[in-house]
Amino acid sequence: MKKTAFNQLHKEAGGKMVEFAGYEMPVEFNGIKEEHLTVRNAVGVFDVSHMGEFWVKGPNAAKLVQKLTTNDISKLRMGQAQYTCFPNGKGGIVDDLLVYYYEPNKYMLVVNAANIEKDWNWVVSQNDIGAELENASDEISQLAIQGPKATEVLQKLTKVDLADVPFYTFVTDKFAGVDDVIISATGYTGSGGFELYFHNKDAEQIYKAIFEAGEEFGIKPIGLGARDTLRLEMGFCLYGNDIDDTTSPIAAGLGWITKFNDDNEFIDKELLQVQKLEGVSSKLRGFEMIDRGIPRHGYELADSEGQVIGHVTSGTQSPMLNKGIGMGYVAKEYSAFGTEIFVKVRNKLLKAKVVKVPFVSLQ
């Protein structure tokens, strides 16, 4: 198993370590629910160094990124990030990712840990225009500092006015005495905060500085378990569960990152445009349990007669709502918000209803 630069620090903090995407990673430290509520109410730190980072450079960089991704990077200004996906040429999704417009003719693509090799091979195979590519995944560490107190913690460690770094923008500056740290106002929790990218050699210095700065706010390390429950409460897709090589971005509710502008030519554009116009047979929807029960990945979704109408892609007990929530693909005739559906749990039909995401409003 690979190890991130924080591996020993996780073990010293009592992290329960598991294999994830080829890495030894902490699934929890003090319990998933406690860690979840720490991020919702204060501030927590996630090691996300297992994520992949690719640089796309040179005069043809923008052209390649535009071809590879469904969103429209021509709308990006330098210092902005964009959520998008790689269509796979067959109507499915290679991966979902972030694109950072770093400087002229230079973009950073941040991809999912489990897909680094697959994504790299895909990008290389599509690069028929001579863009310069670099896989920097093994050289870059990444921390996500998330929660309503994240800005106050991090502000102690940088001269950058973090209030002037809006959502989905980033700056590169000095942080905790380290030069050239990317400070990005993105996140996967819905609770606000920042993600930091830096060289592996600076990992321990930055980690310890953050925990010292956050001590007065009750800062804690957070594992992958709470990362999953936090993202699910916001209705954010997880690759491998809610989206994969067989799912269309249109069916997955990602039409908002699929831009059919005349000058935005990307893989599968015509196919996905037909889906957008004509509709799809099933849709990814959020649902809340009415009966007591916790939906799990792979459970069947049914109508009142027990006829299968779809399947659960993600599910958990929401720490904020204290009830079961999930996402799943349902036949389009059952996809209207408020529709009653049933989750098959050990041959029982448990009642649920289709709802809009996010499940939790944090305003």
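Two exercises with worked solutions follow, both on a predicted model.

**Exercise 1.** Determine which residues line the second largest pocket, and which elements and domains they come from.

*Solution.* Begin with the extent of the space: the second largest pocket has a volume of about 200 Å³. Next, list its lining, which consists of Trp-55, Tyr-102, Lys-106, Glu-134, Ala-136, Ile-140, Asp-180, Ile-182, Tyr-197, Phe-198 and His-199. Then assign these residues to elements, where two or more of them are contributed by strand S11 (178-184) and by strand S12 (193-199), with S12 giving the most, namely three residues. Sorting the lining by class yields seven nonpolar, one polar and three charged residues. Finally, turn to the domains: at least three lining residues come from domain 1 (6-51 + 139-233), and at least three from domain 2 (52-135).

**Exercise 2.** Describe how helix H3 and helix H4 cross, and state which residues of H3 meet which residues of H4.

*Solution.* Two packed helices are described by the angle between their axes and by the distance between those axes. Taking the geometry as the opening step, the axes of H3 (residues 61-68) and H4 (residues 116-126) come within 10 Å and cross at roughly 120 degrees, and the crossing of H3 and H4 is right-handed. The next step is to identify the contact itself, in which Leu-64, Lys-67 and Leu-68 of H3 meet Trp-122, Val-123 and Gln-126 of H4. As a last step, classify the residues of this contact of H3 with H4, which divide into four nonpolar, one polar and one charged.

Key: Residues numbered from 1 in each chain as written. Predicted model: local features only at pLDDT ≥ 70, side-chain atom pairs only at ≥ 80, totals over all residues. Heavy atoms only, no water. 1 Å grid on protein atoms, 1.4 Å probe; cavity = no way out; pocket = protein on both sides within 12 Å on 5 of 7 lines; lining within 4 Å. Points joined across faces, edges and corners; volume = space filled by probe spheres on them. Helix = DSSP H or I, 4+ residues; strand = E, 2+ residues; numbered from the N terminus. Nonpolar A, V, L, I, M, F, W, Y, C, P; charged D, E, K, R; others polar. Domains from an automatic or database assignment. Axes fitted to C-alpha atoms, helices over the stretch in contact; angles between N-to-C directions. Left-handed = near helix turned anticlockwise from the far one by under 90°. Contact = heavy atoms within 4.5 Å.
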